[in-house]
Structures are given as C-alpha cells and as structure tokens.
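Here is a friendly tour of a protein chain and its ligand. Have the sequence and the 3D view open as you read.

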Amino acid sequence: MRALVVGAGAEGRFAEVPEPVPGPGQALVEVHHVSVNFSELRHMGRLPQGMVLGYDAAGIVIRAAEDGTGPAEGARVAAFGPGAWAERVAFGTDAMAVVPDRVELVEAAALPMAGLTALRSLRAAGPTPGSRVLVTGASGSVGRLAVQLARREGAHVIASVSSPGRAERLAAALATDRAVEVVVGLDRVEPVDVVIEVVGGPALVTAWGLLKPGGNLQSIGWAAGQPAVFPPNSTFALGEARSLSSFGDMAAPATDLAHLLTLLATAELSIELGWHASWDRLEEARAAQLDAATTGKITMQIAT
Ligand SMILES: NC(=O)c1ccc[n+]([C@@H]2O[C@H](COP(=O)([O-])OP(=O)(O)OC[C@H]3O[C@@H](n4cnc5c(N)ncnc54)[C@H](OP(=O)(O)O)[C@@H]3O)[C@@H](O)[C@H]2O)c1
C-alpha cells in the first residue's frame, strides 16, 4: 500500500510499505483524511528516513480489534498515532473514537493532535471559573481550540495573536463575548493565572512574567523558532510558587477524543479548516503551511 514517508533529502515522498498487521488492542482503519500538524512537514530532517509521516487520521474501521475493544467494523472513526499518513493504519483502540454523524470525516481528521493538546494542557493547568487564562498563538490550531475550551470552563480568556487582521478574524469566528478578549501581542496584558503557550521564544519569556503567584504556564510549542532568554532573577519571586510545565501527554486519548468530537457535533467547538486537497499534492500542502498568510488546519484526502 502507499504511504507518505520521510525521503532521503528530508522531503516527503510516496513509498510502497507493507500492509499493517493489527496487534492486540488494535483495529485496522482505511484512512480517508489526514491533517498536517505544525512540525510534520517543517522538520522532516529531524526524522529517520523512511518513517511514515503523520499523527492525525479519520476513516473507516475495516477490521475491528480481535480482543473486542474499540469500534466495530464499518464505524467512522478519528484516530491518533504515529504513521497516520498511509492508506491503511493499525491504530490502538485506546487512541480512536467514533465520529458522530453530524461531523464530517475531514473535520474529525483535523482534531486529534491539536484538540487533545488544548484539552489536556488546560486540564493540567486547572483553570477555575473566573480565572484569567492567556492563550498565545490563539489563531493557530492548538490556540483556537484552547480559547474555546477555556471559555467553556468559565475562565476569562485573553487570546493573543500576531496582527490586527488575525484579531479581527478570530473575534468574528468565535463570536467573542466578554469572556474572551482578543489582543495583539502581549504588551497590555494584565497578570494571569494560567498560560497556554505555543509560540515560544520572547513570547514565552513575556508570558512567564505575566503569571500571578501560584500560576501555571503550559509550554506547548515553539512556533516562532526563536530562543527564550530569561532576564536574571526572572524565575525568582517571593510568594506562592509559579510553575512552568512541559506538555506532551498524548497517551490513550480515546475518551478525550470522543469528548472533543461530541463538542464538535454539538457546535460547542469549532475548527477552522484551511487548505484541503488530495495527498498527491503534498508539495502544495507544504507550501501552504510555510506561507505565513495561511490560516486554518491543512488536511489531505487519501486517494485509495
Ligand atoms: N507539546 C505537544 O504535544 C504539542 C502538540 C501540538 C503542537 N505543539 C506545538 O505547538 C506549536 C503550535 O502548534 P499549532 O498546531 O497550533 O500550529 P499553528 O496552527 O501553525 O499555529 C501556530 C501559531 O503560532 C503563531 N506564531 C508566532 N510566530 C510564529 C512563527 N514565526 N511561525 C509560525 N507561527 C508563529 C501563529 O500566530 P498568528 O496566526 O497570530 O500569526 C500561529 O497562530 C508548534 O510549535 C507545535 O509543534 C506541541
């Protein structure tokens, strides 16, 4: 079968790979759509040559798990796991969830990595109703979902974006109310209890400085690709400790994925879909991702 793998020159290329053989607790999925996450096409040089790319997929179960776990044959599912950009993939049943009728498979494919990251990092930070939550990179995939999920928790959300144009777009898309403030940059932000931080570099340093005593910053990503230089003594303060946590907990996401899909089905959560075409147009997908003007989640249809 065909899959997209890391090529010799750190480019994505098609390869014939062996048919997957599901192990215990795995179901075989015929993949219809996949989504592109931040680092998958940007940083292929860091990955081993020949590795099948991708993490997010949605499709149809064509062989249910032999141990009786997970969705039945014929179920429409979203799934998370390495090597997702292939015609067929054996995913763990603890990493897939049935897609509700009202959700298109392409939308479901856009959800796993970004949605699980937003949901779980917020849960780890534990915002309470009325607490102030700052989300950086708020018009990006993780940020946009984190803004919506934090608002659902009753937090006051400060959604930081890079330009007035992005601010206008985000405010219109999320029908923002008094619970969500969209701001450009971080200059005028008052102290916060929680930070969901995806930009890294100077944004990470500034956001750290905005944390109240006892606050928590979830360091999720480094989208800006710049180093973070903390001024001397900036990690020292009297009073309750502030904490910075790394984030990478994507284990056994089935229940959380099902929850996020339900929120999509009930329109309590929305995803902005961006560039979409056949995976045969991988180079265009990559160009779209590297174009700073691109907005929305990039997805590819798998031609079987
Ligand atoms: N720890 C984990 O498990 C985990 C999981 C998912 C993602 N991540 C990481 O989180 C980060 C964001 O992922 P994402 O999927 O949300 O990406 P995305 O959709 O591309 O969004 C990235 C956001 O970062 C902002 N940004 C600021 N400077 C940028 C620059 N120089 N280049 C590109 N974007 C820049 C953009 O803001 P504007 O739109 O306002 O310009 C954009 O909203 C990435 O570093 C990714 O690797 C980590």
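Which helices each supply at least two residues of the lining of the second largest pocket? Helix 2 and helix 3 do. Keep in mind that this is a predicted model.

**The second largest pocket**

Helix 2 gives the most to this lining, with 3 residues. The residues to pick out in your viewer are Leu119, Leu122, Arg123, Gly126, Pro127, Leu149, Arg152, Glu153 and His259, which line the second largest pocket. Sorted by class, that lining has 4 nonpolar, 2 polar and 3 charged residues. The space in the second largest pocket is about 150 Å³.

**Around the ligand**

Helix 2 and helix 3 turn up here too: helix 2 spans 112-125, helix 3 spans 141-152, and each supplies at least two residues of the shell around the ligand. The ligand has 20 residues around it, and those that come nearest are Ser139, Ser141, Ser162, Arg166 and Phe247. By class, this shell has 11 nonpolar, 8 polar and 1 charged residues.

Several backbone atoms of the protein pair with polar atoms of the ligand, as the table shows.

| Residue (polar backbone atom) | Ligand atom | Distance |
|---|---|---|
| Valine 142 | oxygen | 2.9 Å |
| Isoleucine 220 | nitrogen | 3.1 Å |
| Phenylalanine 247 | nitrogen | 2.8 Å |

On its own, the ligand has 910 Å² of accessible area, and the protein covers 75% of that. Phe247 is thus worth a second look: this residue is among those that come nearest to the ligand, and a backbone N or O atom of phenylalanine 247 lies 2.8 Å from a ligand nitrogen.

**The chain as a whole**

Now zoom out. The secondary structure of the protein chain comes to 7 helices and 15 strands. Along its principal axes, the C-alpha trace spans about 55 × 40 × 35 Å. How does the radius of gyration fit with a compact globule, and what value does the chain have? The protein chain has 20 Å, which agrees with a compact globule, because a globule with 304 residues would have a radius of gyration near 19 Å.

Definitions and conventions:
Residues numbered from 1 in each chain as written. Predicted model: local features only at pLDDT ≥ 70, side-chain atom pairs only at ≥ 80, totals over all residues. Heavy atoms only, no water. Near = heavy atom within 4 Å. Polar contact = N/O pair within 3.5 Å; in protein donor to acceptor, adjacent residues only side chain to side chain. Areas by Shrake-Rupley, 256 points an atom, 1.4 Å probe, with all protein chains shown as cover. Helix = DSSP H or I, 4+ residues; strand = E, 2+ residues; numbered from the N terminus. Nonpolar A, V, L, I, M, F, W, Y, C, P; charged D, E, K, R; others polar. 1 Å grid on protein atoms, 1.4 Å probe; cavity = no way out; pocket = protein on both sides within 12 Å on 5 of 7 lines; lining within 4 Å. Points joined across faces, edges and corners; volume = space filled by probe spheres on them. Rg over C-alpha atoms; globule rule 2.2 N^0.38 Å.
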